[in-house]
Amino acid sequence: MIRAQVIVRPRASIFDPQGDAVCRAIQHLGVSTVKQAHVGKCIELELEGTDLAKARTQLETICKDLLSNPVIEDYVLTFNGAAPSKAKTLSKPAPKKAIKKTVVKAKAAKKPAKKTTAKPVKKAKKIVRRAAPKRKKR
């Protein structure tokens, strides 16, 4: 039997309101040494069999597709309570140079917009509402 533990937490670049609230509550208690807190979730799984390589591939798929949102969360996968063993974390940011190249390529690929002449905007007429005439009582 294989035991695995998945820890899912928000990425470092994503604001964690729950972690921020926990940090402020800890500081309110008088512990000023805590500067940051992150709140996540821990999922423990038990798998049948002994093939660790097969279990790792299955768990990587489960983590990516079900247990974490790869856009805003990272995960760490550990087996049998051991130290994290080269588990994939999705928080590795792309190098800044690669991001700049991508942006430049995207800008170069765009077609230039057609130039149009702007027509003057007419001012809307002010609507004056008048009180309805009073009805006579019968």
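**Warm-up**

Asp20 has a relative accessibility of 31% and therefore counts as partly exposed. On this scale, buried means under 20% relative accessible area, exposed over 50%, and partly exposed in between, using a 1.4 Å probe and protein chains only.

The model is predicted: local features need pLDDT of at least 70 and side-chain atom pairs count only at pLDDT 80 or more, while totals for chains, interfaces and linings use all residues. Residues are numbered from 1 along each chain as its sequence is written, and side-chain values use heavy atoms, with hydrogens and water left out.

**Exercise A: the overall plan**

Work out which pattern of helices and strands the chain follows along its sequence.

*Solution.*
- Begin with the inventory: the chain has 3 helices and 3 strands. Helices (H or I, at least four residues) and strands (E, at least two) are DSSP runs, numbered from the N terminus.
- Now read along the sequence, and the pattern is β-α-β-α-β-α.
- Then look at burial: of the 138 residues in the chain, 18% are buried.
- Finish with contacts, meaning heavy atoms within 4.5 Å. Taking contacts between residues at least 6 apart in sequence, 60% join residues at least 24 apart.

**Exercise B: strand β3**

Decide whether strand β3 is largely enclosed or largely open, and find the strand β1 residue that is bridged to Tyr75.

*Solution.*
- Check burial along residues 73–79: 7 of the 7 residues of β3 are buried, so the strand is largely enclosed by the rest of the structure.
- Sort the side chains by direction. Glu73, Tyr75, Leu77 and Phe79 point one way, Asp74, Val76 and Thr78 point the other way, and all are buried.
- Look at the pairing with strand β1 (residues 2–10): the two strands run antiparallel and are joined by 7 bridges. Two strands pair if DSSP finds at least two bridges between them.
- Tyr75 is the bridge partner of Val8.

**Exercise C: the salt bridges**

Find how many salt bridges the structure holds, and say where the partners sit.

*Solution.*
- Recall the principle: side chains of opposite charge can pair when their charged atoms come close. A salt bridge here is a side-chain nitrogen of Lys or Arg within 4 Å of a carboxyl oxygen of Asp or Glu.
- Count them: there are 3 salt bridges.
- Take Glu46 with Arg3, whose side chains meet at 3.0 Å, N to O. Glu46 lies in strand β2 (residues 41–47) and Arg3 in strand β1, so this pair ties together parts that are 43 residues apart in sequence. Glu46 is exposed, at 51% relative accessibility.
- Go on to Arg11 with Asp74, which meet at 3.4 Å, N to O. Arg11 lies in the loop between β1 and α1 (17–28) and Asp74 in strand β3, so parts that are 63 residues apart in sequence are tied together. Asp74 is buried, with a relative accessible area of 9%.
- End with Arg24 and Asp20, also meeting at 3.4 Å, N to O. Both lie in helix α1, 4 residues apart, about one turn of the helix.

**Exercise D: a buried acid without a salt bridge**

Asp16 is buried yet has no salt bridge; work out what its side chain reaches instead.

*Solution.*
- Locate Asp16: it sits in the loop between β1 and α1.
- Look for an opposite charge, with Lys and Arg counted as positive, Asp and Glu as negative, and His and the chain ends not counted. The nearest such side chain, Arg9, is 8.3 Å away.
- Follow the side chain of Asp16, which reaches the backbone nitrogen of Gly19 at 3.2 Å.
- List the contacts of Asp16 beyond four places in sequence: Pro10, Ala37, His38 and Val39.
- Compare two of these neighbours. Ala37, in the loop between α1 and β2, is buried at 17%. Val39 is found in the loop between α1 and β2 and is partly exposed at 24%.
- Check the spacing: Val39 and Asp16 are 23 residues apart in sequence and 7.5 Å apart in space, C-alpha to C-alpha.

**Exercise E: the cysteines**

Find how many disulfides the structure has, and classify Cys23 and Cys42 as buried, partly exposed or exposed.

*Solution.*
- Apply the cut-off: a disulfide is a pair of cysteine sulfur atoms within 2.5 Å. A search of the whole structure finds 0 disulfides.
- Classify the residues: Cys23 is buried, with a relative accessible area of 5%, whereas Cys42 counts as partly exposed at 45%.
- Add a contact of Cys23: Ala37 touches Cys23, along with Asp16, Gly19, Asp20 and Val22, not counting residues up to four places away in sequence.

Notes. A polar contact is a pair of N or O atoms within 3.5 Å; within protein, one must be able to donate a hydrogen and the other to accept it, and residues adjacent in sequence count only if both atoms are side-chain atoms.
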